[in-house]
Amino acid sequence: MNSGIVENLINELSRLPGIGRKTAQRLSFFIIGMPKEDAVSIANAIIAIKENARFCRNCFNITEDETCSICLASRDKSKICVVEEPSNLIVIERTGIYKGLYHVLLGALSPIDGITPERLKINELVQRVKNGGVSEVIIATNPNTKGETTAQYISQILKPLGIKITRIAYGLPIGGDIEFADEVTLSKSLEGRKEM
Amino acid sequence: MLTKTESIVLKTRKYSEADLIVTCLTPDKGIISAFAKSPRKTRSRFGSSLEPLTHAKISLWGKEQSMPKITQSDIINSFHELRDNFHDFINMSKLSEILIALMPEAAPNKKIFSFFLSILALIKSSEEEPKDALFIIAQARLLAITGYAPRLKGCGKCGRKSQNFYPDSGAILCSKCASSQYVRLNEAPLKIADRTLGFYTHSIEWPIVTSRRLKPHKDTLTELSAVIDMHLKYLLNKKLHSSSFLAGTERE
Ligand SMILES: [Zn+2]
Ligand SMILES: [Zn+2]
């Protein structure tokens, strides 16, 4: 049996996604064995992010300032790539291919869970497009039902604004065999095929 | 213990980093919640087989009393056409939500399973647009099949003819029964048009294919839909999420 403070740390750590009790226990004992400065620096980093992180007022990416570094950088301001979460933005940034701006919805539509358009940053997106200067909106919500429902809704309400609306392609995972792809993935990849 | 069953996915909820908790309808276990490891990873072996409305053959692993784990899922019919159509998907979500709300967990009911499956197939094959009539008939029948249909065929107490629907009684009442001291009513009744009552009765008594041929007027559908929503609100003590969603997105 662990003492109160150890038990407490284990409980707190196991609240994090992907961390089960066993992992939390391992991390806790690792922290106990750590130099004090290292442990304090982890704790401070957590406090700093909670005290200083906020959403960019333009695109809802996470930032320390009013406007995020991507919105401030010299990028192609005529393109907006719409994603569900800030973590999706980070992955797309890592590809280095995309040079436009982003818009983070902070979720995806789900009728059965009551996640309606008002609960996401959709109105803010419409406003950005209405403000002008945007020629293309790329919808990069997740390739699942919630992401697809969101994509359809957004394209429906942006259509009257006369801009180009695109959806990232559905494809087969690279490195895999066609044989193992399910019928939906395969049929969507066929629909979205490219001329060579 | 490993069990195999057919299933229709009703809803999914993210769990942990890449896992899902899947609520599904099965013929031999009723509505169950099961855990699936990593389906959200793009290379998951589950592929799209755990997306809502998918009809699949699944393998479940687990002890009784604890949440089972889905170890395998093979698509029988993906019904992805229903997810690709915004309007159809919201309406199907509403049917799923009604089912989850009214059907007790782990209560096997083969009739409900085949009903739900037949609705999916019917919506998929229908070329009508929008499919409002079909969805409202499906809602009425789902209420009837689960035993929660509002009683709209004459006064619910004495059978006398009346058009006044009292949501808190879940029934139409005649003026005599409504004023009786044994019925306590909190709200004014909703007067329902005769043709709406006729269409409702037909919808729950005849096969769907027959009812859809009736080509109900738009007002009839709007009225019946409002009655069903009001009835559900009383039954469940809350408004359905999908009803609010429909109301919010339909306006635009
Ligand atoms: Zn920004
Ligand atoms: Zn009566």
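Here is a friendly conversation about a predicted model with chains A and B.

Trainee: Let's start with chain B. Why is Ser38(B) called partly exposed?

Mentor: The call rests on a count of C-beta neighbours. Ser38(B) has 14 of them inside 10 Å. A residue is buried at 20 or more and exposed at 12 or fewer, so Ser38(B), with 14, counts as partly exposed. You will find Ser38(B) in the loop between β3 (30–36) and β4 (55–61) of chain B.

Trainee: What makes the phi of Ser38(B) worth a remark?

Mentor: Its sign. Most residues other than glycine have a negative phi. Ser38(B) is not a glycine, yet it has a positive phi of about 60°. Asn237(B) is another non-glycine residue with a positive phi, of about 65°.

Trainee: Is Asn237(B) buried or exposed, and how do you know?

Mentor: Asn237(B) has 7 other C-beta atoms within 10 Å. The limit for exposed is 12 or fewer, so Asn237(B) is exposed. Its place is the loop between α8 (218–236) and α9 (241–250) of chain B.

Trainee: What makes β7 and β8 of chain B edge strands?

Mentor: Look at the order of the open three-stranded sheet, which is β7-β6-β8 in chain B, with antiparallel pairing. β7 (171–172) and β8 (190–191) each have a single partner strand, so one side of each is left without a neighbour in the sheet.

Trainee: How do you know that β6(B) and β8(B) pair?

Mentor: Pairing needs at least two bridges. Strand β6 (residues 164–166) of chain B and β8(B) have two bridges, in the antiparallel sense, so the requirement is met. To find one of the bridge positions in the structure, start at Asn164(B), whose partner in β8(B) is Lys191(B).

Trainee: Now the domains. What parts is chain B divided into?

Mentor: Domain 1 covers 2–78, and domain 2 covers 81–151 + 192–250. Their centres, taken over C-alpha atoms, are separated by 25 Å. Between them, 16 residues of domain 1 are in contact with 17 residues of domain 2 of chain B. On the domain 1 side, β1 (2–15), β2 (19–26) and β3 of chain B each supply at least two of the touching residues. By class, that side has eight nonpolar, four polar and four charged residues.

Trainee: How do you know that the largest nonpolar core lies between the two domains of chain B?

Mentor: Start with its members. The core has 61 residues, and Val22(B), Cys24(B), Leu25(B), Leu99(B) and Phe116(B) touch the most other members. Helix α4 (residues 132–145) of chain B gives the most to this core, with eight residues. Domain 1 and domain 2 of chain B both give residues to this core, so it lies between them.

Trainee: Which residues does Phe116(B) contact, leaving aside neighbours within four places in sequence?

Mentor: They are Ile8(B), Leu25(B) and Leu99(B). Apart from this core lies another, of 26 residues, with Cys68(A), Val104(A), Leu125(A) and Ile139(A) among them.

Trainee: That takes us to chain A. What makes strand β4(A) mostly covered?

Mentor: Four of the five residues of β4 (residues 100–104) of chain A are buried. β4(A) runs parallel to strand β3 (residues 76–83) of chain A, and five bridges join them. In one of the pairs, Val82(A) has His103(A) in β4(A) as its bridge partner.

Trainee: Which elements make the right-handed β-α-β unit?

Mentor: β3(A), helix α5 (residues 86–95) of chain A and β4(A).

Trainee: And why is Ile97(A) called exposed?

Mentor: Ile97(A) has 7 other C-beta atoms within 10 Å. With exposed meaning 12 or fewer, Ile97(A) is therefore exposed. Ile97(A) belongs to the loop between α5 and β4 of chain A.

Trainee: Finally, how many residues does each chain bring to the contact between A and B?

Mentor: Chain B brings 27 residues and chain A brings 23. On the chain B side, α1 (80–84), α2 (86–102) and α9 each supply at least two residues. The residues on that side divide into six nonpolar, 14 polar and seven charged.

Key:
Residues numbered from 1 in each chain as written. Chains lettered and ligands numbered in written order. Predicted model: local features only at pLDDT ≥ 70, side-chain atom pairs only at ≥ 80, totals over all residues. Contact = placed C-beta atoms within 7 Å. Nonpolar A, V, L, I, M, F, W, Y, C, P; charged D, E, K, R; others polar. Core = buried A, V, L, I, M, F, W, Y, C linked by C-beta atoms within 7 Å. Domains from an automatic or database assignment. Right-handed = clockwise from strand over helix to strand, strands pointing away.
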